[in-house]
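Here is a short report on one structure. Have the sequence and the coordinates open as you read.

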Amino acid sequence: MKTKNSKKYFARARKVLVGGVNSPVRAFKTVGGGPLVMARGRGSRLFDVDGNSYTDYCLSWGALILGHNHPEVVKAVKSSITLGSSFGATTKPEIEIAQLIAKHVPSIDMLRFVNSGTEAAMSAVRLARAFTKRDKIIKFDGCYHGHCDDLLASAGSGVAGLPASSSEGVPAGHVRNTFSLPYNDANELGIVIERHWKDIACVIIEPVAGNMGVIVPDMEFLNTLRQLTKKYGIVLIFDEVMTGFRGNLGGAQADFGIVPDMTCLGKIIGGGFPVGAYGGRADIMRHLAPLGGVYQAGTFSGNPMVMAAGLATLKNLTPQAYKDLNRACDVFTRGLNLFLAAAGLPAHLVNYKSMVSVRLSKDPARNYADAQAAAFDRVYAKLFHGLLSNGVYWPPANLETFFVSTEHAATDLNRLSGQIRKFFVQSKP
Ligand SMILES: Cc1ncc(COP(=O)(O)O)c(C=O)c1O
């Protein structure tokens, strides 16, 4: 594998970009080695500046469900850009995509586009606080909702112990109102809500966790969450930035039949461009300016080119496309798991639709503590580099989810399956 050009460009990047990257997870910190500098993508393939090509399972961290440069998306973007790049006013594509989203996502009557998932979660929390006139929020350990101060909190000790900030630079006051609870634990959730409900504005959750590897929560936990939040007038926010439009048009909420009060979206709805959105019940959304008193704005929000790319993406996500993609991922995961179990190897795969992750343990993870206990960074790094040198680009960090697009062929997944089997048999972790 040639890396001369990547090394050369990355050395330059390091001098002007912090750590050579614009988002920390790109820096290969947990897997080691030098990050690759990418040049172009097509379908399921990604090409670096040395001309190496990879089957891409990172897919811009889940944004590219149709793969790179899908012809319909490219066409939509090209025709949009000839009309002008940004108007700072309402345009037709943003109305059309908003209608499409509201039609399919059960919780969304009205929505607001923003420029990232971070903005969506931050703004949804603000709106929930205004709506309930309460300050405290609940999130879950291991879930990620972007880098807004109030959401960069990790668990304190014991039930509802004082939370710690998970980043320097976040004043204690910003996380003082945040409870970070264990995922999938209806009991702890119940205790905290019963004790503090008068102060709790919202609960925000990834309805399927993707940021600690894939964890599909128990239905009992989700049902309890919905019942308790309804009972105590707490706004339930599903952060579907990753799961939205991933496995079906309605998101995990449609899949599970649980309708939250608000939903955050991002990634796929921008067709590969920067985007976020939050929406929900009309009586909540009406508190947002210009209708209500909650301020939130954006120069580029609802940018026409982004909306055109997102719209073209959603229009290409047919029921058949989802069916084929989801089935291919189920077959891939099941096949590998049968093999790993039969060989007695301490690893398994877990998928939710086309979100997949490898767990370095025999037992499934139910929460962040389990996920961390099964995160053997050295083994993951070896697997990552073994795959990379064989033309597979995976997320360069343990506990991330990898993604499959509609452009990945059965032969891609078969090859990946063979490579993973070989790794585990040879390295005997
Ligand atoms: C569930 C979830 N919420 C929010 C975010 C933040 O989105 P963005 O990176 O667009 O700010 C992410 C990013 O990966 C995410 O996975």
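The shell around the ligand is made up of 5 nonpolar, 9 polar and 2 charged residues. This is a predicted model. In total, 16 residues surround the ligand. The closest are Ser116, Gly117, Thr118, Gly146 and Val241. Which element gives the largest share of this shell? Helix α5, residues 117-132, does, with 3 residues.

**Two backbone turns with positive phi**

Most residues other than glycine have a negative phi. Two lysines in this model are set out below with their positive values.

| Residue | Phi | Loop | Other C-beta atoms within 10 Å |
|---|---|---|---|
| Lys133 | about 55 degrees | between α5 and β5 (136-140) | 7 |
| Lys353 | near 55 degrees | between β13 (348-352) and β14 (355-359) | 22 |

Is Lys133 buried or exposed? Lys133 is exposed, because 7 other C-beta atoms lie within 10 Å, and the exposed class takes 12 or fewer. Lys353 is buried, because its count is 22, and the buried class starts at 20. Lys133 sits in the loop that follows α5 and leads to β5. Helix α5 is also the element with the largest share of the ligand shell.

**A cis peptide bond**

Most peptide bonds are trans. The bond from Ala289 to Pro290 is cis, with omega near 15 degrees. Pro290 belongs to the loop between α10 (282-285) and α11.

**Helix α4 against helix α11**

Helix α11 spans residues 304-316, and helix α4 spans residues 92-104. Their axes come within 8 Å and cross at roughly 40 degrees. Why is α4 oblique to α11? The crossing angle is roughly 40 degrees, and the oblique class applies because this value is neither under 35 degrees nor in the 65 to 115 range. The crossing of α4 past α11 is left-handed.

On the α4 side, the contact is made by Pro93, Glu94, Glu96, Ile97 and Leu100. On the α11 side, Pro304, Met307, Ala308, Gly310, Leu311 and Leu314 take part. By class, this contact has 8 nonpolar, 1 polar and 2 charged residues.

**Arg415**

Arg415 is part of helix α15, residues 410-427. Arg415 is partly exposed, because 15 other C-beta atoms lie within 10 Å, a count between the limits of 12 and 20. Its C-alpha atom is separated by 9.7 Å from that of Val392. Along the chain, Arg415 and Val392 are 23 residues apart.

How values were computed: Residues are numbered from 1 along each chain as its sequence is written. This is a predicted model: local features need pLDDT of at least 70, side-chain atom pairs count only at pLDDT 80 or more; totals for chains, interfaces and linings use all residues. A residue is near a molecule or strand if its C-beta atom, placed from the backbone, lies within 6 Å of it. Helices (H or I, at least four residues) and strands (E, at least two) are DSSP runs, numbered from the N terminus. Ala, Val, Leu, Ile, Met, Phe, Trp, Tyr, Cys and Pro count as nonpolar, Asp, Glu, Lys and Arg as charged, and the others, Gly among them, as polar. Axes are lines fitted to C-alpha atoms, for helices over the stretch in contact, and angles run from 0 to 180 degrees between N-to-C directions. A crossing is left-handed if the near helix is turned anticlockwise from the far one by less than a right angle, and right-handed if clockwise. Two residues are in contact if their C-beta atoms, placed from the backbone, lie within 7 Å.
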